[in-house]
Amino acid sequence: MKQQWKPGTMIYPLPAALVSCGTPDSSNLITVGWTGTVCTDPAMCYISLRPERHSYAIVADRMEFTINLTTEAIARATDWCGVRSGRDFDKWAETGLTPDPGRMVS
């Protein structure tokens, strides 16, 4: 029997991504569950951040970010970054991850 459900956000599981944003002198990591492809030509992707998140202002100001796909090796760091705020912690130092400058993709 066919079921009709009201629209919602029930397409799970979504892969968590670790997003880095900021400048070489001041950057942050945030774990996001809302990310995906907008277009393939030109290549465009998206993330969804709530305005109250620390990284929201950083991304809104710089209009750039890097989506880092996660692996089993960084699963603990990805989870940790998802439950701590960059306002209160240096996530790079706390997780042992190393920032690497991004490059412009055009």
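Select Lys 91 and show what surrounds this residue. Lys 91 touches Asn 28, Leu 29, Ile 30, Trp 80, Cys 81, Arg 84, Ser 85 and Gly 86, leaving aside residues up to four places away in sequence; a contact here means heavy atoms within 4.5 Å. The model is predicted, with local features requiring pLDDT of at least 70, side-chain atom pairs counted only at pLDDT 80 or more, and totals for chains, interfaces and linings using all residues. Residues are numbered from 1 along each chain as its sequence is written, and side-chain values use heavy atoms, with hydrogens and water left out.

Stay on Lys 91, which lies in helix H3, residues 91–95. Helices (H or I, at least four residues) and strands (E, at least two) are DSSP runs, numbered from the N terminus. Lys 91 is buried and has no salt bridge. Buried means under 20% relative accessible area, exposed over 50%, and partly exposed in between, with a 1.4 Å probe and protein chains only. A salt bridge is a side-chain nitrogen of Lys or Arg within 4 Å of a carboxyl oxygen of Asp or Glu. The nearest side chain of opposite charge is Asp 88, 9.1 Å away; Lys and Arg count as positive, Asp and Glu as negative, and His and the chain ends are not counted. Now add Arg 84: its backbone oxygen lies 2.8 Å from a polar atom of the Lys 91 side chain.

Next, select Ile 30, one of the residues that Lys 91 touches. Beyond four places in sequence, Ile 30 touches Ala 17, Leu 18, Val 19, Leu 49, Arg 53, Ser 55 and Lys 91. Widen the selection to Ala 17, Val 19, Cys 21, Ile 30, Val 32, Ile 47, Leu 49, Ile 58 and Val 59, the nine residues of the largest nonpolar core. Such a core is a set of buried Ala, Val, Leu, Ile, Met, Phe, Trp, Tyr and Cys residues joined through side-chain atoms within 4.5 Å. Strand E1 (17–22), strand E2 (27–32) and helix H1 (54–62) each give two or more residues to this core, and E1 has the largest share, with three. A second, separate core of five residues includes Leu 18, Leu 29, Cys 81 and Trp 92.

Colour E1 on its own. Six of its six residues are buried, so E1 is largely enclosed by the rest of the structure. Ala 17, Val 19 and Cys 21 are on one side, Leu 18, Ser 20 and Gly 22 on the other. Which strands pair with E1? E2 does, in the antiparallel sense over six bridges, and E5 does too, antiparallel over four bridges; pairing requires DSSP to find at least two bridges between two strands. A hairpin of four residues joins E1 to E2. To see single positions, pick Ser 20 with its bridge partner Leu 29 in E2, then Val 19 opposite Ile 67 in E5.

Two loops come next. Most residues other than glycine have a negative phi, and most peptide bonds are trans. Select Asp 41 and Pro 42: a cis peptide bond joins them, with omega about 5°. Pro 42 is in the loop between strand E3 (35–40) and strand E4 (43–47). Then go to Met 63, in the loop between H1 and strand E5 (66–69). Its phi is positive, near 60°, and Met 63 counts as exposed at 67% relative accessibility.

Finally, show the whole chain. The chain has three helices and five strands, in the order β-β-β-β-α-β-α-α along the sequence. Of its 106 residues, 21% count as buried.

Definitions and conventions
Polar contact = N/O pair within 3.5 Å; in protein donor to acceptor, adjacent residues only side chain to side chain.
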